[in-house]
Amino acid sequence: MMTEREKMINELPYNPHDRELVRGRLNARKLIREISSIPEDKERQRKHFFRELFAETGKSFYIENPFICDYGYNIHWGENAYANFGCIILDAAPVYIGKNVMMAPRVSLLTATHPLEFEARNSGIEFAKSIRIGDNVWIGGGVIVNPGVTIGNNSVIGSGSVVTKDIPENVVAVGNPCKVLKSIDN
């Protein structure tokens, strides 16, 4: 029998009120408070706590305060990846952030979702879908990436976009819903 955490990570319906999941969220908030209290010139200390919070990180990375996540242990943060102010990651399912990713202010990566049918939704059961951000991706300010989305390598997502479907490699995509505008030819 799977635990609620195993169900959550495997994109199956789960109970978010499970004790293990509640402890996980509280632990993430504790670590985030610790990170937020460390001055920016003490980057080594900040990285120590991010490494404790996340499933994995690259050697070199930077995340501005404030940063918010649900659990942290489902976040895989790539080498040289950067997040500007106000990044929110709801990481009920795994979130993979590639190498050299740049996220502008107020980017939200949201894996959590709910049943569409109201009776199931009102029961409190949730589920989540993984998000994958490829290498060398630039995500503009205020972008929302919805559950289950993959953004391909080298792509650019325009500010204010709502990404509801996968975005291929080497494109500029913008809008709500986000759509490919053009290819990027180097």
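Visitor: What radius of gyration does the protein chain have, against that of a compact globule with 186 residues?

Guide: The model is a predicted one. For 186 residues, a compact globule would have a radius of gyration near 16 Å. The protein chain agrees with that value, at 16 Å.

Visitor: How many helices and strands are there in the protein chain, and what box do its C-alpha atoms fill?

Guide: Along the principal axes, the C-alpha atoms fill a box of roughly 50 × 45 × 25 Å. Buried residues account for 44% of the 186 residues. The secondary structure comprises four helices and 19 strands.

Visitor: Which element gives the most to the largest nonpolar core?

Guide: In soluble globular proteins, nonpolar side chains tend to be buried together. Here the largest nonpolar core has 39 residues, and those touching the most other members are Leu-53, Phe-67, Trp-77, Ile-89, Ile-97, Met-103 and Leu-109. Elements giving two or more residues to this core include helix 3 (43-53), strand 3, strand 6 (87-90) and strand 18 (171-174). The most, four residues, comes from helix 2.

Visitor: Which residues does Phe-67 touch, not counting those up to four places away in sequence?

Guide: Phe-67 is one of the members of the largest nonpolar core that touch the most others. Beyond four places in sequence, Phe-67 is in contact with Ile-32, Phe-50, Leu-53, Phe-54, Ile-75, Cys-87 and Ile-89.

Visitor: Why do the buried residues of helix 3 lie on the same side, and what arc do they cover?

Guide: The buried residues of helix 3 are Glu-43, Arg-46, Lys-47, Phe-49, Phe-50 and Leu-53. They are on the same side of helix 3 because, around the axis, they cover an arc of only 165°.

Visitor: Which elements do the buried residues of helix 3 pack against?

Guide: Phe-50 and Leu-53 are among these buried residues, and Phe-67 touches both Phe-50 and Leu-53. The elements that the buried residues of helix 3 pack against are helix 2, strand 1 (56-57), strand 2 (62-63) and strand 3.

Visitor: What is the nearest side chain of opposite charge to Asp-70, and how many Å away is it?

Guide: Asp-70 is found in the loop between strand 3 (67-69) and strand 4 (75-77). Its contacts beyond four places in sequence include Gly-24, Arg-25, Ala-28, Arg-29 and Ile-89. A salt bridge requires a side-chain nitrogen of Lys or Arg within 4 Å of a carboxyl oxygen. Asp-70 is buried and has no salt bridge, the nearest side chain of opposite charge being Arg-29, at 4.3 Å.

Key
Residues are numbered from 1 along each chain as its sequence is written. This is a predicted model: local features need pLDDT of at least 70, side-chain atom pairs count only at pLDDT 80 or more; totals for chains, interfaces and linings use all residues. Side-chain values use heavy atoms; hydrogens and water are left out. Buried means under 20% relative accessible area, exposed over 50%, partly exposed in between (1.4 Å probe, protein chains only). Lys and Arg count as positive and Asp and Glu as negative; His and the chain ends are not counted. Contact means heavy atoms within 4.5 Å. A nonpolar core is a set of buried Ala, Val, Leu, Ile, Met, Phe, Trp, Tyr and Cys residues joined through side-chain atoms within 4.5 Å. The arc is that of the directions from the helix axis to the C-beta atoms. The radius of gyration is taken over C-alpha atoms; the globule rule is 2.2 Å times the number of residues to the power 0.38.
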